[in-house]
Amino acid sequence: MPTVRPPLVDRFGRRHNYLRISVTDRCNFRCAYCMPHEDMEWTARSEILSYEEIERLARLFAEMGVDKVRLTGGEPTTRKELVDLAAKLRRIEGVGPLLLTTNGDAMGSMAGPLREAGITGVNLSLDTLDPGRFFDITHRNRLDRVLVGIEASLAAGFDSVKINVVVMAGVNDDELCDFIDRFWDCPVEVRYIEFMPFLSNGWQEGKLLPYAEIRKRIEAKHRLTPIATDKSAVAKEFAVEGARVRVGFITSMTDDFCGGCNRIRLTADGRLKVCLFAKTGPSLRDAMRAGATDDDLAETIRHALDGKWAGHPPMNQLIQTNDRPMISIGG
Ligand code: SAM
Ligand code: SF4
């Protein structure tokens with residue numbers, strides 16, 4: 001019988017059942033909004049959690065009521081044997097949805113094996129459909145490979161396939177409806193994400209296209225009907241009249257969804273992050289390597305969660321509250 005521990009409830013009564021694990025801070029793309037600069041220093045392999053350490057922590061979180069796990073990065077598919085990790089996590093009792101966020105570059109060959117290993121849903125990042133612009137954003141000429149990766153993900157039979165689009169004013173905001181046209185007949189959700197500030201990512205208020213404006217531009221062409229979601233959902237979701245594709249909006253900047261937050265993050269180097277915008281928390285890796293028991297780790301996790309705020313600060317203060325670039329947090 002698996003151990004059952006009290007659930008992870010914070011001071012505001014929010015139950016945390018969703019763990020996001022960054023499996024690496026390395027990446028084969030160089031998206032300017034995510035990585036601080038080209039010559040980013042990667043964390044040494046020995047400082048990254050091993051798969052056994054990740055498995056141990058995921059099991060402990062599951063004992064505390066976590067039933068949904070997402071693997072992210074960096075680019076998770078750049079880490080060797082990711083399929084093995086997926087299979088290990090699939091075997092943990094209590095874990096339901098097992099999700100992956102990826103830039104899609106390797107999904108042409110990995111979608112099938114990952115599905116077989118037990119990944120249930122994938123989010124693929126795609127900010128433009130224009131090859132030249134794709135290069136400008138990612139510094140890689142890989143649009144075709146990413147599109148193949150999306151096709152392969154659709155063919156693999158995941159329960160959910162979502163396309164993440166970071167909307168940046170003056171960069172890709174003239175393509176909003178192109179994504180709907182492109183995926184019109186596909187069982188996917190296109191998620192428009194407000195551009196968020198992280199350490200050294202070139203964020204300026206002028207580059208943020210607010211949700212209200214994104215939606216207005218889409219509604220000028222398409223009729224959207226809200227889809228009911230539960231209160232912990234990060235996206236506001238809509239059906240598009242006449243289409244199979246759905247759209248979602250992630251409005252962290254102009255209409256935060258902190259009240260229903262159920263998420264807790266583990267960075268690739270084993271630190272807890274109780275909010276995407278909060279300072280990085282305690283190192284579970286150091287604790288494990290110093291011989292901590294599961295009870296000790298559970299105590300450290302609960303203590304960190306006690307420090308979680310009700311909601312993140314206003315957007316002009318967010319840069320000061322965060323101490324890591326997105327790539328080393330894990331989106
Ligand atoms: N490499 C994978 C990918 O690109 O999907 C996973 C990691 S990435 C950090 C996770 C998600 O965060 C991606 O969808 C990415 O577009 C998003 N992201 C990165 N920086 C962002 C920012 N400044 N604002 C909004 N979303 C961001
Ligand atoms: Fe890499 Fe994803 Fe960040 Fe782009 S968004 S640099 S693909 S981790």
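Which atom of ligand 1 does a backbone N or O atom of Met 196 lie 2.8 Å from? In this predicted model, the partner is a nitrogen atom of ligand 1, and the atom on the protein side belongs to the backbone of Met 196. Two further polar contacts, made by Gly 74 and by Ser 125, are set out beside that of Met 196 in the table.

| Residue | Protein atom | Ligand 1 atom | Distance |
|---|---|---|---|
| Gly 74 | backbone N or O | nitrogen | 3.0 Å |
| Ser 125 | side-chain N or O | oxygen | 2.6 Å |
| Met 196 | backbone N or O | nitrogen | 2.8 Å |

Taken alone, ligand 1 would expose 550 Å², and 95% of that area is buried by the protein. The elements that each contribute two or more residues to the surrounding shell are strand 3 (98-102), strand 5 (160-167) and strand 6 (189-194).

The shell around ligand 1 comprises 20 residues, and the closest of them are Gly 74, Glu 75, Ser 125, Asn 164 and Met 196. By residue class, this shell divides into 10 polar, 8 nonpolar and 2 charged residues.

A separate description applies to the second largest pocket, which holds about 200 Å³ of space. Its lining is formed by 13 residues, with Pro 2, Thr 3, Ala 62, Glu 63 and Glu 93 lying nearest the centre of the pocket. The lining of this second largest pocket consists of 7 nonpolar, 4 charged and 2 polar residues.

Methods. Residues numbered from 1 in each chain as written. Chains lettered and ligands numbered in written order. Predicted model: local features only at pLDDT ≥ 70, side-chain atom pairs only at ≥ 80, totals over all residues. Heavy atoms only, no water. Near = heavy atom within 4 Å. Polar contact = N/O pair within 3.5 Å; in protein donor to acceptor, adjacent residues only side chain to side chain. Areas by Shrake-Rupley, 256 points an atom, 1.4 Å probe, with all protein chains shown as cover. Helix = DSSP H or I, 4+ residues; strand = E, 2+ residues; numbered from the N terminus. Nonpolar A, V, L, I, M, F, W, Y, C, P; charged D, E, K, R; others polar. 1 Å grid on protein atoms, 1.4 Å probe; cavity = no way out; pocket = protein on both sides within 12 Å on 5 of 7 lines; lining within 4 Å. Points joined across faces, edges and corners; volume = space filled by probe spheres on them.
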